[in-house]
Amino acid sequence: QVQLVEFGGGSVQPGGSLRLSCAASGFGSDTWALGWFRQAPGKKREGASCIQSPDGVTWYADSVKDRFTISLDKINNTLYLQMEALKPEDTAIYYCATAVLWRGTCMAQYGNWGRGTQVTVSA
């Protein structure tokens with residue numbers, strides 16, 4: 001019943017910015033979290049950022065801290081990831097997924113994933 005659809009990816013030069021969006025539906029009114037996860041070619045999928053509702057607690061991977069900002073539009077049920085000062089190593093497919101925040105970390109949970117959107121950072 002949960003549906004997640006990402007959009008907003010593209011190609012940018014190093015130092016550029018992008019904003020990713022994820023339209024979410026099928027959630028109840030209880031506590032839940034959404035996260036952005038990314039996978040570069042030949043690399044393992046890793047968490048980038050997560051946010052919990054309704055309290056708004058966030059988590060960021062060290063590699064994106066101070067460059068990425070996660071936010072949630074509760075009225076329109078849309079998750080965002082504002083990415084600044086992009087680096088080539090940020091190149092990956094970015095997915096949104098249901099997640100949990102637990103003891104200072106974020107993990108994908110419950111098996112709900114979007115189809116992903118490609119972000120490419122190169123000169």
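**Figure 1. The largest nonpolar core of the predicted model.** In this predicted model, the largest nonpolar core is made of 34 residues, and those with the most contacts inside it are Trp36, Leu79, Leu81, Met83 and Tyr94. Strands β3 (18-25), β4 (32-39), β5 (46-53), β6 (58-60), β7 (68-73), β8, β9 and β11 (117-121) each supply at least two residues of this core, and β9 gives the largest share, with six residues. Met83, one of the residues with the most contacts inside the core, touches Gly16, Ser17, Leu18, Leu20, Arg67, Phe68, Tyr94 and Val119 when residues up to four places away in sequence are not counted.

**Figure 2. The hairpin of strands β9 and β10.** Strands β9 and β10 run antiparallel and are joined by five bridges, and together they form a hairpin with two residues between them. In the turn of this hairpin, Arg103 has a positive phi of about 50°. Further along the pairing, Ala97 has Trp113 in β10 as its bridge partner.

**Figure 3. Aromatic rings around Tyr95.** The count of aromatic pairs in the model comes to two. Tyr95 and Trp113 form an edge-to-face pair, with 6.1 Å from centre to centre and 85° between the planes. Because Tyr95 lies in strand β9 (residues 92-102) and Trp113 in strand β10 (residues 105-113), the pair ties together parts that are 18 residues apart in sequence. The two partners can be set side by side in their accessibility: Tyr95 counts as buried, at 17% relative accessibility, whereas Trp113 is partly exposed, with a relative accessible area of 31%. Ring pairs also bring in Phe37, so that a cluster of Phe37, Tyr95 and Trp113 results.

**Figure 4. Gly35 and its surroundings.** Gly35 has its place in strand β4 and counts as buried, at 0% relative accessibility. Although Gly35 and Ala97 are 62 residues apart in sequence, their C-alpha atoms are 5.4 Å apart in space. Ala97 is also among the residues in contact with Gly35, the others being Ser49, Cys50, Leu79, Tyr95, Cys96 and Ala99, with neighbours within four places in sequence left aside. Two of the residues named here appear in other views as well: Tyr95 as a member of the aromatic cluster, and Leu79 as one of the core residues with the most contacts.

**Figure 5. Asp90 and its charged partners.** Asp90 lies in the loop between β8 (78-83) and β9, where it is buried, with a relative accessible area of 1%. The side chains of Arg67 and Asp90 meet in a salt bridge (2.8 Å, N to O). This pair links distant parts of the chain, since Arg67 is in the loop between β6 and β7 and Asp90 in the loop between β8 and β9, 23 residues apart. Both Arg67 and Asp90 are buried. The side chain of Asp90 also makes a polar contact with the side chain of Arg38, at 2.9 Å. Beyond these two arginines, Asp90 touches Phe68, Ala85, Val119 and Val121, again not counting residues up to four places away in sequence.

**Figure 6. The salt-bridge network and a separate view of Lys65 with Asp62.** Side chains of opposite charge can pair when their charged atoms come close. The count of salt bridges in the model comes to four. In one of them the side chains of Arg38 and Glu46 meet at 2.8 Å, N to O; Arg38 counts as buried, at 5% relative accessibility, while Glu46 is partly exposed, with a relative accessible area of 36%. Arg67 and Asp90 form another of these salt bridges, and salt bridges that share partners join Arg38, Glu46, Arg67 and Asp90 into one network. A further salt bridge brings together the side chains of Lys65 and Asp62 (2.9 Å, N to O). Here Lys65 is partly exposed, with a relative accessible area of 39%, and Asp62 counts as exposed, at 65% relative accessibility.

**Figure 7. Ser53 in strand β5.** Ser53 lies in strand β5 and counts as buried, at 7% relative accessibility. With neighbours within four places in sequence left aside, the residues in contact with Ser53 are Asp30, Thr31, Trp32, Leu72 and Lys74.

How values were computed:
Residues numbered from 1 in each chain as written. Predicted model: local features only at pLDDT ≥ 70, side-chain atom pairs only at ≥ 80, totals over all residues. Heavy atoms only, no water. Phe/Tyr/Trp six-rings, centres within 6.5 Å; stacked < 30°, edge-to-face > 60°. Helix = DSSP H or I, 4+ residues; strand = E, 2+ residues; numbered from the N terminus. Buried < 20%, exposed > 50% of the residue type's maximum accessible area, 1.4 Å probe, protein only. Pairing = 2+ DSSP bridges. Polar contact = N/O pair within 3.5 Å; in protein donor to acceptor, adjacent residues only side chain to side chain. Contact = heavy atoms within 4.5 Å. Core = buried A, V, L, I, M, F, W, Y, C linked by side-chain atoms within 4.5 Å.
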